Amino acid sequence: MMRLLTGASTDKPFIFLPLIFAAIGSTVLVEGTDQKRSVSWVHAWTVTRDGIITQVREYFNTSLTVTRIIENSNQFSPTSSSASPPSASSESTFKCQQLWQSKLSKAIGKDVPGLVLAI
């Protein structure tokens with residue numbers, strides 16, 4: 001897979017050097033580079049309360065932003081001067097709360113694509 005993603009030869013092993021760790025709820029994020037710091041990577045693991053890894057996401061040379069989607073429910077009601085009987089309607093809006101952003105892709109001096117992981 002490494003050769004497909006980076007074009008690097010598989011003769012030399014890729015050594016993961018983890019540098020940054022973060023936990024957000026059941027998601028554990030680990031960011032690192034290779035020894036030459038020419039490749040940055042992020043792993044996002046979903047872990048149960050028992051410590052079992054149920055999902056692994058891996059990103060190479062990608063800037064990753066982790067967000068949480070929050071719903072805002074606003075209640076609107078007509079004014080009392082309205083000719084119609086009072087009633088209430090609701091409207092939902094959503095916003096993204098940034099929880100974490102990778103840093104190493106900028107540190108290695110490469111322009112890389114950005115992705116958003118919503119949890």
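Here are a few notes on this predicted model, going from the whole chain down to two residues.

1. Start with the overall layout. You'll find two helices and seven strands here. Walking along the sequence, the order is α-β-β-β-β-β-β-α-β, so to read it by eye, expect a helix, then six β entries in the pattern, then a helix and a last strand.

2. Next, burial and surface. The chain has 119 residues, and 26% of them count as buried. Its accessible surface is about 8,300 Å², with carbon and sulfur atoms making up 54% of that.

3. How much of the contact picture is long-range in sequence? Taking contacts with a separation of 6 or more, 49% are between residues 24 or more positions apart.

4. The largest nonpolar core is worth finding on screen. It has 10 residues: Ala-22, Ile-24, Leu-29, Val-42, Ala-44, Tyr-59, Leu-64, Val-66, Trp-100 and Leu-117. Strand E1 (17-24), strand E3 (40-47) and strand E5 (63-76) are the elements that each supply two or more of these residues.

5. Leu-117 is a handy way into that core. Beyond its neighbours within four places in sequence, Leu-117 touches Ala-44, Tyr-59, Leu-64 and Val-66, among others. Its other contacts include Arg-57, Thr-65 and Thr-67.

6. Asn-72 is also in strand E5. Is Asn-72 buried, partly exposed or exposed? Its relative accessibility is 28%, so Asn-72 counts as partly exposed.

7. Which residues does Asn-72 meet outside its neighbours within four places in sequence? They are Glu-91, Ser-92, Thr-93 and Lys-95. Asn-72 and Glu-91 are 19 residues apart along the chain, and their C-alpha atoms are separated by 8.5 Å.

Methods: Residues are numbered from 1 along each chain as its sequence is written. This is a predicted model: local features need pLDDT of at least 70, side-chain atom pairs count only at pLDDT 80 or more; totals for chains, interfaces and linings use all residues. Side-chain values use heavy atoms; hydrogens and water are left out. Helices (H or I, at least four residues) and strands (E, at least two) are DSSP runs, numbered from the N terminus. Buried means under 20% relative accessible area, exposed over 50%, partly exposed in between (1.4 Å probe, protein chains only). Contact means heavy atoms within 4.5 Å. Accessible areas come from the Shrake-Rupley method with a 1.4 Å probe; for residues, only the protein chains shown count as cover. A nonpolar core is a set of buried Ala, Val, Leu, Ile, Met, Phe, Trp, Tyr and Cys residues joined through side-chain atoms within 4.5 Å.
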